[in-house]
Amino acid sequence: MNEVYNPFPRGTEWIRWDLHVHTPGTLKNDQFKGIDGKDKLTSFYDKIRSLPPKIKVIGITDYFSIKKYKEIKKYQEDNKGKEANLDNIVLFLPNIEFRAEIKANDGKKLNFHIIFSNEVSSDDIEKYFLHKLSYTFNYGNNLTETYNCDEEGFKNLGRNYLARHQDKNDVSDSEALETGMNQFHVNFDEVKKHLTDIKFEGKYLIGFPSGHDGLSGVLEKDKKIPNGFDHLRHSLASQADFIFSSHKGDRDYYSGMGRFSQEDVEKRYGKLIPCIHGSDAHSLEQVCEPHDTNNKPNFRYCWIKANPTFDGLKQILHEPAHRVFIGELPLEQKAQSNVIKRIKFIDNSGNGIFSDEWIYINGNLNAIIGGKSTGKSLLLYFIAKTIEYELVSKIQKGDSNYFQGQDAKTKKPKPWEDIENIDFEVEWGDGQISKLSNKGQNKQKSLTYLPQLYIHNLIKDEKEFKELILAVLKEDEPFRQKFDEFEKNKDNTLKNMESNISNLIDSIKKLDAHLVQHKKLVENENPDFELNTLENEKQDVINRQELSEDEKVQLQELEKQKKGVINGISNQSKLCTSFVNMRNLINAEEGILLQKITDEQMRNKSGLWEAEHIAKFEGEIENLKTKIANNWKELSMDLENKIMHEQKLLEEKNTTLNLLNDRISTIQNKVRESSDRLKKIEEKILYYNNKKKAIESSEVTKQILTGKIASLIELTNSYHKGLINLYDDLETFIGQKYSTIGESPNLILKTSRIFKNSEFKEKFIEKFKLNVKTANFEWIEGISADGYEYDSTKHVDFYQKFLDELCLNANRFTFKGAFDSYQAIRALAENYFDLQFDLQQDKDNLKDMSPGKRGTILLKLYLSLNKATNPILIDQPEDNLDNRTVFTELKDFIKEKKKSRQIILVTHNANLVVLTDAENTIVANQDGQGNKENEKHRFEYVTGGLEHSFSVGNNKKGILYTKGIKEHICEILEGGTDAFKKRGQKYSFSK
């Protein structure tokens, strides 16, 4: 539907225009030729069909005539729908080239052009304009002759001229036509008079070339009258709508971008004047391909940012510097990956809430307008949340535009995107698609979203405000490098401090544990005292353990007797042992002998002897065995008696030995008791010596840990001072080099290092149990029942004292809950410093400025982020701004910034639409309850450029489709009509 409503739904875009193209049969300098056997006109049409797609508008040019324009229009009509059509060209315009009676350089006549709207009929141009022009030739002697501005008039003039000046009477039509064309010229004032016909009002443009046959030729000074032609040149230029020139100097001069300011140019000519360029093609190869003086292509193409309509062309009158570019490609080309191409709702609810048609978005400035609750902010919000889902989800959606549904359970409003079967889609210039239902999963795309009143509330959000200031400062490479260095050093310092604090706490814990053991070690005992006592006791025992002389003699005699008894016991034991061995041997040998006799007896039974012999032999054997047994038994008994005798003697000697031992022990007990006492004393001495060494070692360990803690405390203090120095150094750097910020020279940036007192109170001070008088903290200046009173000159001392006490005297503090001294050390060591920014203009601080002034400054800063290339979405930036502020300060700023960044804004201010020359306006409308203004859906949108203009009254398609974009702006936005008047007092779009 958008394409039906407006064939250019993306608004105004850069396209190539060539408004100076001659055709085969042009009345002067026709150099066209046929190609491949085709006639000149067929070759010309083939050339037109093969032009690059970016070329959309051609001005068909001829001298004093629109005959060739009429031929093109007829060819279009005859070939509509055919392969031979010229549909690749959206618009052909008639461009009539004139020669004025004003002299230019080298004896030439001043050249000028009139481009008519295609809405003016060819018949009207000829009947009410061209055919009313004439040329009166003065032949002398009061003889004059007048010729009409048509081919017949040109031929008559040519014949009469040749007859009178060259005596030529037989002249061909072509020679007569060419001669008459060279002589024919018009009166510029007469031309202007005939253009006042109501049929032409607002439907033509007059332009002069800047070359020698144009205004530059008129500029040549009369040697007798210095600057004699300046006035005439300025007068002509002030009547021009455009200048034909591709030279940068001319473009800068007439648009006020050169050595003369816009105010100077407007003072001279009453306006700024756009420069356009055409190929001035007189041959096939030159069609839409400008050539230089050596007949080589110079790529000075004319790009106009406008709809390919005559109303689109007229936009260059109001934006000479921004709507025209001459060169190979327009300068403001954004990366397609950073440009939103089009958007649409996907409504599967079946309730007809949204259309699923694409809403087209321009790459530059898009203004969303509409009445209250028509879906403007809703549309912006959907775009933002589709791309930045998580970020936008955090925004408090208080505007009723965001809440149009109702939750069935809670009966509370809920945002549209939570309603089932409602989705949203964003297509980017590079073809990528982002969907709301994906909840921001496409992280490759990003945008900046400034919801309604965001700028107004920004000053209240210090974090957001700081990020904005830093983003602006980082646009400058030296600052970015300095800040990156600051962040790196800060992170390293905090990382080192964190590691140091961990070591410090670990050392304190070790010392605390060691002190517990140390206390146990020294508790209730004094090793030095005990050792002194034991040494005295030891010496006393040594002195008392000596024997008397009688005791020594008696002991020696007893030892001697004992030795003799021991020797006797030894000998008696040996003898007894010998007798036992002999007895055992006899018993063993008896058994062996009897066994051998038995064995022999058995062999005799084997049959070697006769039986009678055997019986006799066995008898003898048995007698022998009995005799042997008796003899061995006697011997054994004798030895057994000897053994018993010797054993008795041995027992007697042992008894004697025991008696001796008792007598010796009685004497030795005195010595033994002293030795045992001495041994116990030695053991105690060893124990107390070891304990003394352990205490000394423990003292050394305590000193080492205490020293380490002191070093770590000092290192922590040095990191803390280093952190402060980093902030102070950055503050000084900003103050010296960036005292002004943004694009306003009187906008002063104030920077200071601050201490985040509330955070410090929450994380640290409030963790202590404080009594009313804060007795625990009397030794530290700055602590009160209300918290900590930060003083930059005393803070370092405060920090050092508190850290010392927490590390070395933690038992003096009591804490709330599970908080302890170790957590307190960590909390104290956190970074509570930050940079705080403030802006000052005309000695007023930002917070003290009016909401309008403050909002203007902050919005300008946001738009100053040149390196930010992603789209920026702004909801009603004019909130709290008056029209004067928007007109004087904001419009030009936005016009400049839209070149480098796609902007989509919701606005009620006509100046932010018209005076910013918004490339695309999106008009929103919502059907109210019982009010069916839309065609099909509850929310509908149409799009287009400022030049889109029409009005058809009531229309069954819906209210949005009854008016053009211009009319919607004038009707919806307060001051819309005035804004268009400000934009161009002389020209209206269609009258």
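Which residues does G440 touch, not counting residues up to four places away in sequence? Hold on to that one for a moment, and let me set the scene.

Hi everyone. What you have in front of you is a predicted model, so please keep that in mind throughout. The protein chain has 991 residues, and buried residues make up 47% of them. It has 27 helices and 28 strands. If you take the contacts in the chain with a separation of 6 or more, residues 24 or more positions apart account for 72% of them.

Okay, back to G440. The residues it touches are T386, I387 and Y389. G440 itself is in the loop between β18 (433–435) and β19 (448–450). With a relative accessible area of 6%, G440 is under the 20% cut-off, so it counts as buried. And here's a nice way to see the fold at work: G440 and K385 are 55 residues apart in sequence, yet their C-alpha atoms are 7.7 Å apart in space.

Now let's go to L215, which is found in helix α8 (residues 215–219). Is L215 buried or exposed? It's buried, with a relative accessible area of 0%. Setting aside neighbours within four places in sequence, L215 is in contact with a whole list of residues, including L110, F208, P209, R233, L236 and Y254. L215 also gives us another sequence-versus-space pair: F112 is 103 residues away from it in sequence, and 9.3 Å away from C-alpha to C-alpha.

Next up, two helices towards the end of the numbering. I'll start with α24, residues 851–863. That's 13 residues, reaching 18 Å from the first C-alpha to the last, close to the 18 Å you'd expect at 1.5 Å a residue. How many of its residues are buried? It's 11 of the 13, so α24 is largely enclosed by the rest of the structure. Among the buried ones are G852, R854, I857, L858, K860 and Y862.

Then there's α25, residues 883–897. Its 15 residues should span 21 Å at 1.5 Å a residue, and the end C-alpha atoms are 20 Å apart, which agrees. Where does α25 bend? At L890, by about 45°. L890 is also one of the buried residues of this helix, along with T885, V886, F893 and I894, among others. And what do those buried residues pack against? They pack against β14 (365–370), β26 (903–906) and α24, the helix we just looked at.

Let's talk rings. The model has 61 aromatic pairs. I'll show you two. In the pair F32 and F44, the ring centres are 5.9 Å apart and the planes are at 90°, so the pair is edge-to-face. This one links distant parts of the chain: F32 is in the loop between β1 (14–22) and α2 (40–49), while F44 is in helix α2, 12 residues apart. F32 counts as buried at 4% relative accessibility, and F44 counts as buried at 1%.

The other pair is F354 and F382. Their ring centres are 6.3 Å apart with the planes at 65°, so this pair is edge-to-face too. F354 lies in the loop between β12 (340–347) and β13 (359–360), and F382 is in helix α13 (residues 376–387), so the pair ties together parts that are 28 residues apart in sequence. Both of these phenylalanines are buried.

While we're on rings, have a look at a couple of lysines. The charged end of K199 sits over the ring of Y128, 4.0 Å from its centre. Over at K966, the charged end sits over the ring of F980, 5.7 Å from the centre.

Last topic: cysteines. How many disulfides does a search of the whole structure find? Zero. Take C149: it counts as buried, at 2% relative accessibility. C275 is in no disulfide either, and the nearest cysteine sulfur, that of C302, is 9.9 Å away. C275 is buried as well, with a relative accessible area of 4%.

If you want somewhere to begin when you open the model yourselves, try the bend at L890 in α25, and then go and find G440 with T386, I387 and Y389. Thanks, everyone.

Definitions and conventions
Residues are numbered from 1 along each chain as its sequence is written. This is a predicted model: local features need pLDDT of at least 70, side-chain atom pairs count only at pLDDT 80 or more; totals for chains, interfaces and linings use all residues. Side-chain values use heavy atoms; hydrogens and water are left out. Helices (H or I, at least four residues) and strands (E, at least two) are DSSP runs, numbered from the N terminus. The expected span of a helix is 1.5 Å times one less than its number of residues. Buried means under 20% relative accessible area, exposed over 50%, partly exposed in between (1.4 Å probe, protein chains only). Rings of Phe, Tyr and Trp (its six-membered ring) pair if their centres lie within 6.5 Å; planes under 30 degrees apart count as stacked, over 60 as edge-to-face and the rest as tilted. A charge sits over a ring if NZ of Lys or CZ of Arg is within 6 Å of the ring centre and within 35 degrees of the ring normal. The bend at a residue is the angle between axes fitted to the seven residues ending there and the seven starting there. Contact means heavy atoms within 4.5 Å. A disulfide is a pair of cysteine sulfur atoms within 2.5 Å.
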